[in-house]
Each structure stands twice: as structure tokens, then as C-alpha cells.
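Here are a few exercises to work through with the model open beside you. Try each task before you read its solution.

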Amino acid sequence: WCAPCRMLAPILEKLAEEMGGKLLVAKVDTDKEQQLAAQLGIRSLPTVRLFKDGRAIDEFMGALPETEIRNFLNRHIAKPSDQLLRQAENLLAQGKTAQALELVERARAAAPQEVRTLLTYARVKAAVGEYEAAEQILDGLPIQELSSPEVAALRASLLFERIASAAPSQAELEKILATQANNSEARYQLCARQVVAGAYQEALDGLLVLLRKDRSYGDDAARKAMLRIFDLLGGSSDLVSRYRAKLTSALF
């Protein structure tokens, strides 16, 4: 009966019809179904809750414009490109970059603006050494995605992969540092190689050493690299918490 509900219902019904059975719309009269509304925690109208396989997976409240509702649904409704992306991601994990690139380009042709497609495309480009192309893909994402944790982690990964790709081997860098403990470039490159290898704690320890020995190296590169590692690790792990404290102590 509420005015926003009346505005919203025709949009939802139109989208359900367009999707040809992929979306079913159910309307609940919360005056009559008070027990159900209480069970589902409904506190305001309209509340739109999306269910998949019998469980709630997302929701929004209020009467959104049609474009925002489409975006809301597109995050959850399977698209033809999804299977291509899953295959490309599996191939990438196996190191089969050429095959992954072929599949992700097909997915991109089918869904050129899909964020997941663009992120996978950037990962594949980085895996084949095309770091600038990967950065350009990320720069072209919708503005609301630019500050997302996933994008921050991918940018961090690109930074360390780019440094490591131009650096000597880890064994060579360790040999250099054994005789030249103050070689800032070698230490920084070694830390990048450790990050790429997944040795995050070793990399963070090395960057702390660099920060204390040569704070000015690379325009504060050690501190910035530590922050990038925090992004790479999602910003909230136990390792991140411990090394944030160590970074603060080293700075002050």
C-alpha cells in the first residue's frame, strides 16, 4: 500500500519478465504476515530481499531507480561470461596464461563493462608481463570500484610483480646483501620477490630494516610498500595488525 512500494513493484515485475524465469518476484503483505516480517527482520517498507537456493544473499531498502536495481541483480544472476571467467581463472592458477587470455578476451567481448571480467583481464595481463595494460584496465573501472579492497589488492600485486620481474634472482639479491647490508635497492627488490613468492612476513621484516636504515630511499618506498602489502592481505589479518604497530613504532 505504501507509495514507494507502488513505484517499485512495476519495475521489479518488468525486470522479472525480461529475465525470462531467472527472477521471480514475490510480494508480502506485512500487515497480514506479521510473523513472517518479524522472522525476516523487516523494519521498513519497501524492503527488497534477494533469495538464492533458499537463503537470503542481498537486499536493498527504498525505491531505487531501475538502473540501480539492474546493477543490484547483475551481481547475482549468472551470465554467459561467468563460465568463461571461471575457466580462465582456473587456467591462470595453473600457469596457463595463453589459454586464460583467450578465454577472458571472449568473456570481455560478451560483457565489456562487467567488473569481474575486467579484474580477471587485468590479472591475466599482469601474468603475461603487460603491467601497464593491467594498470590501464584498473584505471578504467567505474569510479565506485576504484577504491574497493579487491582493486587495492590487485594494484599492490602489480607493483611487486613489476619490481620483481626487473630484479635479479632471490639468491643473487641475498648474496649482494650478505656483503652490502646497506644496499637499499637490493633489499627493496628482495622484498618484492618475497611478496611475489608469498613470504609476506619476511618481506615486511625486510622493509622495516630498509625503513630504519634509509627512510628516504625511493621517496619513502619502504613505508609505501608496507602499506601495499597490507592492501594485498586484505587490511585486517593478525599479520597486518602486528606490522601496522611495528610500522607506527618505526615512524615515531
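**Exercise 1.** Find out how many residues line the second largest pocket, and which of them lie nearest its centre.

*Solution.* Keep in mind that you're looking at a predicted model.
- Step 1: count the lining, and you get 16 residues.
- Step 2: look towards the centre of the second largest pocket, where Asn-71, Asn-74, Arg-75, Glu-114 and Val-115 lie nearest.
- Step 3: check the elements. Helix 3 (66-74) and helix 6 (115-127) each bring at least two residues to this lining.
- Step 4: sort the lining by class, which gives seven charged, five polar and four nonpolar residues.
- Step 5: add the volume, about 460 Å³ for the second largest pocket.

**Exercise 2.** Now describe the largest pocket: what is its volume, and which element gives the most to its lining?

*Solution.*
- Step 1: the space in the largest pocket comes to about 1100 Å³.
- Step 2: its lining has 37 residues, and the closest to the centre are Ala-26, Lys-27, Thr-47, Val-48 and Arg-49.
- Step 3: two or more lining residues come from each of helix 1 (3-18), helix 2 (34-39), strand 1 (47-52) and helix 3.
- Step 4: strand 1 gives the most, with six residues.
- Step 5: by class, this lining holds 25 nonpolar, eight charged and four polar residues.

**Exercise 3.** Follow the chain around strand 1: which peptide bond is cis, and which residue has a positive phi?

*Solution.*
- Step 1: go to the loop between helix 2 and strand 1, where you'll find Pro-46. The bond leading from Leu-45 to Pro-46 is the cis one, with omega near -5°.
- Step 2: move on to strand 1 and its partner, strand 2 (residues 55-61). They run antiparallel and are joined by six bridges.
- Step 3: pick out a facing pair: Lys-52 sits opposite Arg-55 of strand 2.
- Step 4: look at the hairpin, which has two residues between its strands. Asp-53 is in this loop between strand 1 and strand 2, and its phi is near 55°, a positive value even though the residue isn't glycine.

**Exercise 4.** Work out how helix 5 (residues 97-110) and helix 6 pack: at what angle, and how far apart are their axes?

*Solution.*
- Step 1: the angle is about 155°, and the axes are 10 Å apart.
- Step 2: angles over 145 degrees count as roughly antiparallel, so helix 5 is roughly antiparallel to helix 6.
- Step 3: finish with the handedness: helix 5 and helix 6 make a left-handed crossing.

Methods:
Residues are numbered from 1 along each chain as its sequence is written. This is a predicted model: local features need pLDDT of at least 70, side-chain atom pairs count only at pLDDT 80 or more; totals for chains, interfaces and linings use all residues. Side-chain values use heavy atoms; hydrogens and water are left out. On a 1 Å grid over the protein atoms alone, a cavity is a set of points where a 1.4 Å probe fits but cannot get out, and a pocket is an open set with protein on both sides within 12 Å along at least five of seven lines; lining residues have an atom within 4 Å of a point. Grid points are joined across faces, edges and corners, and a volume is the space filled by probe spheres set on the points. Helices (H or I, at least four residues) and strands (E, at least two) are DSSP runs, numbered from the N terminus. Ala, Val, Leu, Ile, Met, Phe, Trp, Tyr, Cys and Pro count as nonpolar, Asp, Glu, Lys and Arg as charged, and the others, Gly among them, as polar. Two strands pair if DSSP finds at least two bridges between them. Axes are lines fitted to C-alpha atoms, for helices over the stretch in contact, and angles run from 0 to 180 degrees between N-to-C directions. Angles under 35 degrees count as roughly parallel, over 145 as roughly antiparallel, 65 to 115 as roughly perpendicular and the rest as oblique. A crossing is left-handed if the near helix is turned anticlockwise from the far one by less than a right angle, and right-handed if clockwise.
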